[in-house]
Structure formats: C-alpha cells, structure tokens
Amino acid sequence: MTLKERVIVETYTGYCMTSADERDEVYKYMGELMGRPVFTHELADKEVQDNLKRKALPDFVALCMTDK
C-alpha cells in the first residue's frame, strides 16, 4: 500500500496507518479536504471526524475500486 493510500484509509477510518514523518502527509491531506489546517486536538471532535470522513469518501471508494 502506498503512502497516499494509507493516508486516505487513515483519514476515512480513523485508524492510524502512518508513523513518524508520514504523519505530515495525513495532516496535509486533511487540510486539503477541509480547506484549512487541521490540528491534532480537533480529531477528538465528532463533527470534525464526520466532515473528514464525508470529504474523504470519494477517494476511499476510488481506492477500493482500483484493480491492482
């Protein structure tokens, strides 16, 4: 699984799929989805979680539909 794929899965599911320097890519992706920076403490907010999941859904579904 590529880093981009792990970032999408992590954002959609909430399960940690990255570590160390890779975490920067997760926050970058989340920021792109939300149109603003997302901070760690916000991830405890159900509304933020729901928004991220909703906005990541198209990428997650596309990932699931990809034949490899």
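Helices (H or I, at least four residues) are DSSP runs, numbered from the N terminus. This is a predicted model, in which local features need pLDDT of at least 70 and side-chain atom pairs count only at pLDDT 80 or more, while totals for chains, interfaces and linings use all residues. Residues are numbered from 1 along each chain as its sequence is written, and side-chain values use heavy atoms, with hydrogens and water left out. Leu-63 is found in helix α3, and the points below cover the packing of this helix with α1 and α2, an aromatic pair, and the loop between α1 and α2.

**Helix α1 and its surroundings**
- Of the 11 residues of α1, 8 are buried (under 20% relative accessible area, with a 1.4 Å probe and protein chains only), so the helix is largely enclosed by the rest of the structure.
- The buried residues of α1 are Glu-5, Arg-6, Val-7, Ile-8, Val-9, Glu-10, Thr-11 and Tyr-12.
- Their cover includes α2 (23-34) and α3.
- Gly-14 follows α1 and has a positive phi, near 90°.

**Packing of α1 with α3**
- The axes of α1 and α3 come within 8 Å and cross at roughly 140°; axes are lines fitted to C-alpha atoms, for helices over the stretch in contact, and angles run from 0 to 180 degrees between N-to-C directions.
- That makes α1 oblique to α3, where angles under 35 degrees count as roughly parallel, over 145 as roughly antiparallel, 65 to 115 as roughly perpendicular and the rest as oblique.
- The crossing of α1 and α3 is left-handed, meaning that the near helix is turned anticlockwise from the far one by less than a right angle.
- On the α1 side, Glu-5, Ile-8, Val-9, Thr-11, Tyr-12 and Thr-13 meet α3 residues Leu-52, Lys-53, Ala-56, Leu-57, Asp-59, Phe-60 and Leu-63, with contact meaning heavy atoms within 4.5 Å.
- Leaving aside neighbours within four places in sequence, Leu-63 is in contact with Glu-5, Ile-8 and Val-9.

**Aromatic pair**
- The structure holds 1 aromatic pair, defined by ring centres (Phe, Tyr and the six-membered ring of Trp) within 6.5 Å; planes under 30 degrees apart count as stacked, over 60 as edge-to-face and the rest as tilted.
- The ring centres of Tyr-12 and Phe-60 are 4.2 Å apart and the planes stand at 15°, so the pair is stacked.
- The pair links distant parts of the chain, with Tyr-12 in α1 (residues 3-13) and Phe-60 in α3 (residues 46-65), 48 residues apart.
- Both Tyr-12 and Phe-60 are buried.
- Lys-53 lies over the face of Tyr-12, at 5.0 Å from the ring centre; this requires NZ of Lys or CZ of Arg within 6 Å of the ring centre and within 35 degrees of the ring normal.

**Packing of α2 with α3**
- The axes of α2 and α3 come within 10 Å and cross at roughly 95°.
- That makes α2 roughly perpendicular to α3.
- Tyr-29, Met-30, Leu-33 and Met-34 of α2 make the contact with Asn-51, Leu-52, Lys-55, Ala-56 and Asp-59 of α3.

**Loop and exposure**
- Ala-20 is found in the loop between α1 and α2.
- Most residues other than glycine have a negative phi.
- Ala-20 has a positive phi of about 50° although it is not a glycine.
- Ala-20 counts as exposed (over 50%) because its relative accessibility is 65%.
- Leu-57 lies in α3 and, at 36% relative accessibility, counts as partly exposed (between the buried and exposed limits).

Technical notes
Helix = DSSP H or I, 4+ residues; strand = E, 2+ residues; numbered from the N terminus.
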